[in-house]
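Biologist: Could you take me through the ligand surroundings in this model, one ligand after the other? I would love a close look at the contacts and at what lies around them.

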Amino acid sequence: MARTPARLTVLSGPSGVGKGTVVAEVRRRHPEVWVSVSVTTRAPRAGEVDGEHYWFVDDDYFDWLIEHDGLLEWAEYAGNRYGTPVAPVQEQLASGAPALLEIELQGARQVRERAPEAQLVFLAPPSWAELVSRLAGRGTEHPEVQSRRLALAQAELDASGEFDVVVVNDDVARAADELVGLLTASPPAGP
Ligand code: ADP
Ligand code: 5GP
């Protein structure tokens, strides 16, 4: 019997909705789930570890990666650049196991172009008020950066219809369970 090809899943959603929290919960319960580590030009937050949360790089190295086709996708977001190193994703999928990317909207759109078979999952807040309070409650950004992220969040929420599945992050454990189910679900049959 032919083996179902390993699936690339993209998790996206507005800043502060809980993407990082839900992915951390998925990894805690299912350490075997492979999650891509992005490169970014943003400075590390307190407690963030190079090579674990992100690869923290400078602008020159980011330029080099773009020029050498080292990124599956990349985007500028709220004043910093973020990208997915392509080689580890290809290796993971070639090994027959699923891969998960946690990226923002412009990157999700690029993945859709380059890998139409990828599954796009949108993590939505239970309400706008809850999103505002989560972003403020995280307390990692200055109010000015928070406002920038909220302005982007409105546009990101408007794009949720472009995604294959919407998961509401009402409860971290429940959303993590739903995401794990999607990672291992067979793709819908083709025409
Ligand atoms: P993102 O990665 O999408 O920017 P985070 O994972 O950093 O978001 O979460 C933003 C804030 O919301 C954090 O303080 C986190 O603890 C909180 N949070 C995440 N998910 C939930 C949830 N289901 N209920 C309540 N708070 C949550
Ligand atoms: P943060 O600065 O809060 O860690 O991330 C800001 C935004 O960048 C989040 O929406 C996050 O999902 C997104 N992001 C993280 N890594 C990547 C990536 O490799 N590519 C893209 N396009 N977005 C990313």
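Modeller: Happy to! Let me start with a contact of ligand 2: in this predicted model, an N or O atom in the side chain of Y82 lies 2.6 Å from an oxygen atom of ligand 2. A second side chain, that of E73, places a polar atom 2.8 Å from a nitrogen atom of the ligand. T84 also takes part, with a polar side-chain atom 3.4 Å from an oxygen atom of ligand 2. The protein buries 96% of the 510 Å² that ligand 2 exposes when taken alone.

Now for the wider surroundings of ligand 2. The shell holds 16 residues, and those that come nearest are S38, R42, Y54, Y82 and E102. Y82, then, is both one of these nearest residues and the partner in the 2.6 Å contact. By class, the shell divides into 7 charged, 5 nonpolar and 4 polar residues. As for where ligand 2 lies, the space it takes is the largest pocket. Two elements give two or more residues each to its shell, namely the strands β5 (71-77) and β6 (80-85).

Let us turn to ligand 1, which also sits in the largest pocket. Its shell draws two or more residues from each of α1 (19-29) and α5 (128-138). Of the elements, α1 gives the most, with 3 residues. In total, 14 residues surround ligand 1, and G16, K19, G20, T21 and R138 are the closest. Sorted by class, this shell has 6 polar, 5 charged and 3 nonpolar residues.

The polar contacts of ligand 1 that I would point out involve the backbone. A polar backbone atom of G16 is 2.8 Å from an oxygen atom of the ligand, and a polar backbone atom of K19 is likewise 2.8 Å from an oxygen atom of ligand 1. V17 adds another backbone contact, with its polar atom 3.4 Å from a ligand oxygen. On its own, ligand 1 has 570 Å² of accessible area, and the protein covers 73% of that.

If you have the structure open, it may help to view the two sites in turn. For ligand 2, look at the side chains of Y82, E73 and T84; for ligand 1, follow the backbone at G16, V17 and K19.

How values were computed. Residues are numbered from 1 along each chain as its sequence is written. Chains are lettered from A and ligands numbered from 1 in the order in which they are written. This is a predicted model: local features need pLDDT of at least 70, side-chain atom pairs count only at pLDDT 80 or more; totals for chains, interfaces and linings use all residues. Side-chain values use heavy atoms; hydrogens and water are left out. A residue is near a molecule or strand if one of its heavy atoms lies within 4 Å of it. A polar contact is a pair of N or O atoms within 3.5 Å; within protein, one must be able to donate a hydrogen and the other to accept it, and residues adjacent in sequence count only if both atoms are side-chain atoms. Accessible areas come from the Shrake-Rupley method with a 1.4 Å probe; for residues, only the protein chains shown count as cover. On a 1 Å grid over the protein atoms alone, a cavity is a set of points where a 1.4 Å probe fits but cannot get out, and a pocket is an open set with protein on both sides within 12 Å along at least five of seven lines; lining residues have an atom within 4 Å of a point. A molecule sits in a cavity or pocket if more than half of its atoms lie within 2 Å of its grid points. Helices (H or I, at least four residues) and strands (E, at least two) are DSSP runs, numbered from the N terminus. Ala, Val, Leu, Ile, Met, Phe, Trp, Tyr, Cys and Pro count as nonpolar, Asp, Glu, Lys and Arg as charged, and the others, Gly among them, as polar.
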